[in-house]
Amino acid sequence: MTDEREPNGGDGAKKAAGADVPAEERYGPAVPVVRTFLETVLGLLDVEVEVDIDIEDDGLHCDLNTSPDDGGLLIGRHGATLDALQYLTLRVLQAEGFPRMRITLDVAGYRTRREKTLRQLAQSVASKVLESRRAYHFEPMSAMERRVVHMAIMEIEGLTTESEGEGRKRHVVVFPERRSKSAQA
């Protein structure tokens, strides 16, 4: 009998690759590690928190339930503290040898509200770019926020997006699509 973690081409290789393995089985073992890490780190910050973790198709969604004052502290300016905590959580899982997964941390529905705001902003910018035919550069934002903007703009015909810049200055640029010569004729 082979160990499921051995990449020998048998069942273990399928499980390691995540093929046809239920999300519960793939990501479930990471739940206690995530819970312990978050409770420990937030305890060191004197933040009382209840960590609710849901297993999703591509990883874990963690709601950090705390007081409104501590919630503001955990979110930080434009979600920067929450993003940093999310990144550290992912790094802990990688260091422990867990398979690649998406980790999403949320406090009091902040991520949902932020996504809605970004989608509305993207719609507004899309209208301006379509009207002016000039590119628009968003302010720098996190990878998760850039993804929301890219996805929102992708749904609008006549526009395309790219991410530009490095590190903290990385941002989304919205361009009008170039018309092909056959469309201009």
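The largest pocket holds about 720 Å³ of space, in a model that is predicted. Begin the tour there.

**The largest pocket.** Select the 19 residues that line the largest pocket. Those lying nearest its centre are Gln86, Tyr87, Ser142, Ala143 and Met144. Next, colour the elements that give two or more residues to this lining: α5 (80-95), β3 and α7 (143-154). The largest share, five residues, is contributed by α5.

**Asp106.** From the pocket, proceed to strand β3, which spans residues 102-106 and includes Asp106. Display the side chain of Asp106 together with Arg111. Is Asp106 buried or exposed? Asp106 is buried, yet has no salt bridge. The nearest side chain of opposite charge belongs to Arg111 and is 5.2 Å away, whereas a salt bridge requires a side-chain nitrogen of Lys or Arg within 4 Å of a carboxyl oxygen. The backbone of Arg111 offers another partner: the side chain of Asp106 reaches its nitrogen at 2.9 Å.

Extend the selection to the surroundings of Asp106. With neighbours within four places in sequence left aside, the residues in contact with Asp106 are His61, Cys62, Asp63, Leu64, Leu82, Arg111 and Thr112.

**Pro99.** Finally, move to the loop between α5 and β3, where Pro99 is found. Why does Pro99 count as partly exposed? Its relative accessibility is 38%, and the partly exposed class lies between under 20% for buried and over 50% for exposed. To close, draw a C-alpha to C-alpha distance from Pro99 to Gly59: these residues are 40 apart in sequence and 9.6 Å apart in space.

Note on methods. Residues are numbered from 1 along each chain as its sequence is written. This is a predicted model: local features need pLDDT of at least 70, side-chain atom pairs count only at pLDDT 80 or more; totals for chains, interfaces and linings use all residues. Side-chain values use heavy atoms; hydrogens and water are left out. Helices (H or I, at least four residues) and strands (E, at least two) are DSSP runs, numbered from the N terminus. Buried means under 20% relative accessible area, exposed over 50%, partly exposed in between (1.4 Å probe, protein chains only). Lys and Arg count as positive and Asp and Glu as negative; His and the chain ends are not counted. A polar contact is a pair of N or O atoms within 3.5 Å; within protein, one must be able to donate a hydrogen and the other to accept it, and residues adjacent in sequence count only if both atoms are side-chain atoms. Contact means heavy atoms within 4.5 Å. On a 1 Å grid over the protein atoms alone, a cavity is a set of points where a 1.4 Å probe fits but cannot get out, and a pocket is an open set with protein on both sides within 12 Å along at least five of seven lines; lining residues have an atom within 4 Å of a point. Grid points are joined across faces, edges and corners, and a volume is the space filled by probe spheres set on the points.
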